[in-house]
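Biologist: Pick one short stretch of this model that has an unusual backbone feature and take me through it slowly. After that, work outwards to the parts around it and then to the whole chain.

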Amino acid sequence: MDSAEVEFLAEKETVTIIPNFSQGKIYLIGGEVGPFTGSLPLEVPLWLAVNLKQRQKCRITPTDWMNVDKLEEIKRGEIESKYFTEMPSKHYMEMAQILLNCAANDIPNADQVRTLIKDIWDLRLAKLRSSIDIFIGSDGTHAMLNHLTMMEINTVRSFLTQSLDHMHVLRTQAQGSSVAPDD
């Protein structure tokens with residue numbers, strides 16, 4: 001799975017919009033959405049919110065975790081914990097990128113939010129790289145990493161699988177050379 005596929009999955013997450021039009025329900029494969037009533041909040045999939053925003057048919061209400069105070073709290077928790085903390089959304093990075101790219105004017109303090117999301121991402125990837133380094137350095141055969149998001153796993157997946165393959169080959173060769181022939 002590549003990052004575009006992970007982003008596609010994130011677009012199924014729901015967000016709240018405030019439409020500036022009225023219309024009945026829309027029947028989609030994934031379920032029905034609506035009815036749309038002007039100025040009344042409505043939960044819709046992220047992909048639909050982006051589409052309506054681009055056509056200037058709605059305002060997107062930022063999710064409750066997309067504010068400076070909540071993100072600073074998350075960042076502080078991530079710094080203080082040696083383990084991964086649970087994120088407010090399993091697609092926090094993808095949702096933030098999409099919303100900040102298409103609806104920055106709907107998000108209070110958008111630049112600060114963007115910076116905090118990036119800081120949290122960097123902290124978590126540094127922690128993930130450190131965990132991988134420790135795991136590869138040990139003779140472990142499995143590891144449990146709770147609270148990782150799909151995008152974070154996807155970011156290190158190819159590196160991790162190649163590293164583990166190389167470690168397996170090296171260990172196999174070391175075991176083969178340590179066994180002396182019976183001549």
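**A loop residue and its surroundings**

Modeller: Let's go for Gln56, which sits in the loop between H2 and S5. Keep in mind that this is a predicted model. The backbone feature you're after is phi: for Gln56 the angle is near 55°, a positive value, and the residue is not a glycine. Along the chain, Gln56 follows H2. Is Gln56 buried or exposed? Its relative accessibility is 66%, and exposed means over 50%, so Gln56 counts as exposed.

Now step back into the helix before it. H2 covers residues 46-54, and its buried residues are Leu46, Leu48, Ala49, Val50, Leu52 and Lys53. Yes, Lys53 is on that list, along with Leu52. What do these buried residues pack against? Quite a list: the helices are H1 (3-10) and H4 (92-102), and the strands are S1 (14-19), S3 (31-33), S4 (42-45) and S5 (58-61). S5 is worth a second look, as it is a packing partner of H2's buried residues and also bounds the loop that holds Gln56.

Two of those strands, S3 and S4, lead to another backbone oddity. The loop between S3 and S4 contains Pro35, and the peptide bond from Gly34 to Pro35 is cis, with omega near 5°.

H1, another of H2's partners, brings us to Ser3, which is placed in that helix. Ser3 has a relative accessible area of 39%, so it is partly exposed. Its contacts beyond four places in sequence are with Met151 and Asn154. Helix H6 runs over residues 150-178. By contrast, the C-alpha atom of Ser3 is separated by 33 Å from that of Thr172, 169 residues along the chain.

There's a second positive phi to set beside Gln56. His147 lies in the loop between H5 and H6, and its phi is near 70°, again in a residue other than glycine. Its relative accessibility is 39%, so His147 counts as partly exposed.

H5 and H6 matter for the largest pocket too. Rolling a probe the size of a water molecule over the atoms shows where empty space is left. The largest pocket holds about 260 Å³ of space, and H5 (110-137) and H6 are the elements that give two or more residues to its lining. H6 gives the most, with five residues. The lining has 15 residues, and those nearest the centre are Ile132, Phe135, Ala143, Leu145 and Leu160. Sorted by class, the lining is made of 11 nonpolar, three polar and one charged residues.

So how is the whole chain laid out? There are six helices and five strands, in the order α-β-β-β-β-α-β-α-α-α-α. The radius of gyration is 22 Å, well over the 16 Å that the globule rule gives for 183 residues, so the protein is more spread out than a compact globule. The C-alpha trace spans about 85 × 40 × 20 Å along its principal axes. Buried residues make up 35% of the 183. Among contacts with a separation of 6 or more, 70% join residues 24 or more positions apart. The exposed area of the protein is about 11,500 Å², with carbon and sulfur atoms supplying 53% of it.

Methods
Residues numbered from 1 in each chain as written. Predicted model: local features only at pLDDT ≥ 70, side-chain atom pairs only at ≥ 80, totals over all residues. Heavy atoms only, no water. 1 Å grid on protein atoms, 1.4 Å probe; cavity = no way out; pocket = protein on both sides within 12 Å on 5 of 7 lines; lining within 4 Å. Points joined across faces, edges and corners; volume = space filled by probe spheres on them. Helix = DSSP H or I, 4+ residues; strand = E, 2+ residues; numbered from the N terminus. Nonpolar A, V, L, I, M, F, W, Y, C, P; charged D, E, K, R; others polar. Rg over C-alpha atoms; globule rule 2.2 N^0.38 Å. Buried < 20%, exposed > 50% of the residue type's maximum accessible area, 1.4 Å probe, protein only. Contact = heavy atoms within 4.5 Å. Areas by Shrake-Rupley, 256 points an atom, 1.4 Å probe, with all protein chains shown as cover.
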